[in-house]
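Hi everyone, and thanks for coming. I'd like to walk you through a structure that may be new to you, so let's bring it up on the screen.

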Amino acid sequence: QVQLVESGGGLVQPGGSLRLSCAASGIGFGSNAMGWYRQAPGKQRELVARISMGGTTDYADSVKGRFTISRDNARNTVYLQMNRLKPEDTAVYYCNTIGVLLRWGQGTQVTVSS
């Protein structure tokens, strides 16, 4: 059974950091490009970071230089290190594959506020 479980969100002040994790099961994790997506209230879900099977990364302009995506194929886990967080980063964050999407997990809430 395919399952994506995100964790690591929370409330943080502007300028702070968080590290998100996503554990995947039921898929050939190492054979998939993976991405982190986010959905803010009233907005569409957007892709903010992606990592290829070989580890090549790409970022949305809004997070470039602040967020870092990485993966551990032995643990079937993808990470998102978020630094210098801004209030506009507030959203529910999800992981998923790139291209043919799997069933979405529950996501993890990130709130950036003073």
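**A walk through the strands**

Let's begin with one pair of residues: tyrosine 37 has leucine 47 in S5 as its bridge partner. Please keep in mind as we go that this is a predicted model. That pair belongs to a longer contact, since S4 and S5 are joined by five bridges and run antiparallel. As general background, strands in a sheet pair through backbone hydrogen bonds, and the pairing can be parallel or antiparallel.

Now let's step back to the sheet around them. In what order do the six strands of the open sheet come? Reading across, you find S2-S10-S9-S4-S5-S6, with mixed pairing. At the edges sit strand S2 (10-12) and strand S6 (57-59), each of which pairs on one side only. On average, neighbouring strands of this sheet are turned by 25 degrees against each other, if we ignore direction.

Next, a hairpin. S7 and S8 form it, with four residues between them. Their pairing is antiparallel and covers six bridges. If you want one rung to look at, take threonine 68, whose bridge partner in S8 is glutamine 81.

The turn deserves a closer look. Asparagine 76 sits in the loop that links strand S7 (67-72) to strand S8 (77-82). Its phi is positive, about 50 degrees, even though this residue is not a glycine. Is asparagine 76 buried, partly exposed or exposed? With a relative accessible area of 27%, asparagine 76 counts as partly exposed, because buried would require under 20%.

There is another positive phi for you to find. Arginine 84, also not a glycine, has a phi near 50 degrees. Look for arginine 84 in the loop between S8 and strand S9 (91-97).

Finally, let's go inside. How many residues make up the largest nonpolar core? It has 28, and the ones with the most contacts inside it are Trp36, Ile69, Val78, Leu80, Met82 and Tyr93. At least two core residues come from each of strand S3 (18-25), strand S4 (34-39), strand S5 (46-51), S7, S8, S9 and strand S10 (108-112). S3 contributes the most, with four residues. So the hairpin strands S7 and S8 that we just visited are among the suppliers of this core, as are S4 and S5 from our opening pair.

That's the tour; I'm happy to turn the model around for anyone who wants another look.

Methods:
Residues numbered from 1 in each chain as written. Predicted model: local features only at pLDDT ≥ 70, side-chain atom pairs only at ≥ 80, totals over all residues. Heavy atoms only, no water. Buried < 20%, exposed > 50% of the residue type's maximum accessible area, 1.4 Å probe, protein only. Pairing = 2+ DSSP bridges. Core = buried A, V, L, I, M, F, W, Y, C linked by side-chain atoms within 4.5 Å. Axes fitted to C-alpha atoms, helices over the stretch in contact; angles between N-to-C directions.
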